Each structure stands twice: as C-alpha cells, then as structure tokens.
Amino acid sequence: MNFLFGKSSYQKTFKPKKNLPDGAQHLKDYAEATLGSGNLGLAVKLPDGEDLCEWVAVNTVDFYNQINMLYGTIQDYCTEESCSVMTAGPKYEYHWSDGTAKPIKCSAPKYIDLLMTWVQEQLEDDKIFPEQIGVSFPKNFMSICKNILKKLFRVYAHIYHCHFPMIIELGEEPHLNTSLKHFVYFCNEFNLIEQKQFAPLSDLIEKLINKDSSK
C-alpha cells in the first residue's frame, strides 16, 4: 500500500523499514495484489500455507510505512503550538510511554516523534523481526505487534481529529480512508487491537465498514 503515497518531508527523519528479506517478499507481493482487487476483507486473510507471524510482520512494517508517509503530508501543520498535547478530539488524550517509564504528557509532534523512533527500533531489531526467512520469531511476537499497532492507530486518530481539513485540501482523503480501512480490517481479522482502542474513530470506522458491506 505504501506505493500509493509520494515522498514526504517526514521521510527525512524516519526512513521506512529496510527491504524485506527475499523469502518474505512474496507475501508483500501477494498483499499488494489482493489489495488491488479492492476487496479488503480478502486482502487481510492469511494466505494458504503461510506463517501467521510472518504475515503479521510484513503487514506491521507496511502499516508503519503508510502511517509514516501519511503523517508526513501534514507534519508542517502539526506543531508545538497547534498541537501542544497529543489528542484525538476532546475526549482522548495520549501520554507517551515505551513501557519502561512513567507516561509523559507531551505535544503531538513530540509524541509521534518518540513513537515512530520506538517502532523503527523494534522493526530493525533482528531478534524481534528476523531478517532471515525461517528464523523463529520470539514467543511474545504477537504481543509486541499488538502494542505497536495500538500506538500507531493513535496517529490515524490524531490526523482525523486535528488535521482532516488539511488532508482534504491536499487530496489525501481517499488514501487516508483506504489506509485506515485496511488497518482496521487487518487488526480485526487477527484480534490485534481491542475494540475500545478504536473509540476515537468508531463512528467513522462504522461508516467505512458499512459502506463496504453495502457494495
């Protein structure tokens, strides 16, 4: 899916995950081919005969790249002054924690900076995301991905609540909506995020999913 988006200023700070190992490339090719069919429900399903952890790994990397690029389109408008706290509307405020220290209240750009750095460090850790095909994933791999995806969703929520007019002005609304739908379908397919975590965008998600169902 990241082929949908052009280069963004954010990429100067955060580079997408290095290329997937050769053995996993076919999974990415499969994902892009099924996404091209327009059937997101089919696109997220585990391909026959494939390893679940490998499939989740490929898609987690891709969602990181997508969100990274989407945020890059509005990064110049997400500032310490305009977004002094990381929020998703008036009801939801996020404080940063990597799980090893007490959560801290910070601006949205600071939060997202810390988040993307934290995610990238894990994606590039061969002990978590093995570079060689056939190397075992850690026993807590799914738990790690759940935590990554839960936090990445907050960037979607912040963009929609705080920067959606700019997204529309830039013509990125179709890309953002498709990326969010793909993310939600994938997480629901494998129970990677508790439904309560989607609360900041629950109405929008319901509309997007129902729109698909009515086709």
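Me: Let's start with a pair of helices. Is the crossing of H3 and H5 left-handed or right-handed?

Reply: Left-handed, for the crossing of H3 and H5. Keep in mind as we go that this is a predicted model.

Me: Okay, and how do I read the rest of the packing? At what angle do the axes of H3 and H5 cross?

Reply: The general idea comes before the case. Two packed helices are described by the angle between their axes and the distance between the axes. Here, helix H3 covers residues 52-74, and its axis crosses that of H5 at roughly 25°, the two coming within 10 Å. Angles under 35 degrees count as roughly parallel, and H3 and H5 are therefore roughly parallel to each other. As for what fills the contact of H3 with H5, its residues split into 21 nonpolar, four polar and no charged.

Me: Now try me on H5 and H6. How do their axes cross?

Reply: H5 takes in residues 141-169 and H6 takes in residues 173-189; their axes cross at roughly 160° and come within 11 Å. That makes H5 roughly antiparallel to H6. The handedness of the H5 and H6 crossing is left-handed.

Me: Which residues in H5 meet H6?

Reply: On the H5 side you have Leu149, Phe153, Tyr156, Ile159, Tyr160, Phe164, Ile167 and Ile168. Facing them from H6 are Glu173, Leu176, Asn177, Ser179, Leu180, Phe183 and Cys187. Sorted by class, the contact of H5 with H6 has 12 nonpolar residues, two polar and one charged.

Me: That leaves H3 against H6. At what angle do H3 and H6 pack?

Reply: About 155°, with the axes of H3 and H6 11 Å apart. That makes H3 roughly antiparallel to H6. The crossing of H3 and H6 is left-handed. From H3, Trp55, Val56, Asn59, Phe63, Gln66 and Leu70 do the touching, and from H6 it's Leu176, Ser179, His182, Phe183 and Phe186. This contact of H3 with H6 holds seven nonpolar residues, four polar and no charged.

Me: Let's zoom out. How many helices and strands are there in the protein?

Reply: Seven helices and zero strands. Read from the N terminus, the order is α-α-α-α-α-α-α. Of the 215 residues, 51% count as buried. For the reach of the contacts, take those in the protein with a separation of 6 or more: residues 24 or more positions apart account for 75% of them.

Me: How should I read the core? Which residues have the most contacts inside the largest nonpolar core?

Reply: General idea again: in soluble globular proteins, nonpolar side chains tend to be buried together. In this model, the largest nonpolar core has 60 residues, and Phe129, Phe141, Phe153, Tyr156, Leu180 and Phe183 have the most contacts inside it. At least two residues of this core come from each of H3, H4 (108-123), H5, H6 and H7 (202-213). H5 gives the most to this core, with 15 residues.

Me: Pick one of those. Which residues is Leu180 in contact with, leaving aside neighbours within four places in sequence?

Reply: Leu180 touches Phe153, Tyr156 and Tyr160, and also Leu201, Leu204, Ile205 and Leu208. Phe153, Tyr156 and Tyr160 also appear on the H5 side of the contact with H6.

Me: What about residues outside the helices? Where does Met86 lie?

Reply: In the loop between H3 and H4. Don't read "loop" as a synonym for exposed, though: at 0% relative accessibility, Met86 counts as buried. Beyond its neighbours within four places in sequence, the contacts of Met86 include Tyr92, Tyr94, Cys106, Tyr111, Arg154 and His158. Ser107 is another of its contacts; Met86 and Ser107 are 21 residues apart in sequence, with their C-alpha atoms 5.3 Å apart in space.

Me: And a contrasting loop residue? Is Asn191 buried or exposed?

Reply: Exposed, with a relative accessible area of 59% for Asn191. Asn191 sits in the loop between H6 and H7. Check its backbone too: Asn191 has a positive phi of about 50° although it is not a glycine.

Me: One more, back in a helix. How far apart are Thr73 and Glu172 in sequence and in space?

Reply: They're 99 residues apart in sequence, and 8.3 Å apart in space from C-alpha to C-alpha. Thr73 belongs to helix H3 and is partly exposed, with a relative accessible area of 25%.

Technical notes. Residues are numbered from 1 along each chain as its sequence is written. This is a predicted model: local features need pLDDT of at least 70, side-chain atom pairs count only at pLDDT 80 or more; totals for chains, interfaces and linings use all residues. Side-chain values use heavy atoms; hydrogens and water are left out. Axes are lines fitted to C-alpha atoms, for helices over the stretch in contact, and angles run from 0 to 180 degrees between N-to-C directions. Helices (H or I, at least four residues) and strands (E, at least two) are DSSP runs, numbered from the N terminus. Angles under 35 degrees count as roughly parallel, over 145 as roughly antiparallel, 65 to 115 as roughly perpendicular and the rest as oblique. A crossing is left-handed if the near helix is turned anticlockwise from the far one by less than a right angle, and right-handed if clockwise. Contact means heavy atoms within 4.5 Å. Ala, Val, Leu, Ile, Met, Phe, Trp, Tyr, Cys and Pro count as nonpolar, Asp, Glu, Lys and Arg as charged, and the others, Gly among them, as polar. A nonpolar core is a set of buried Ala, Val, Leu, Ile, Met, Phe, Trp, Tyr and Cys residues joined through side-chain atoms within 4.5 Å. Buried means under 20% relative accessible area, exposed over 50%, partly exposed in between (1.4 Å probe, protein chains only).
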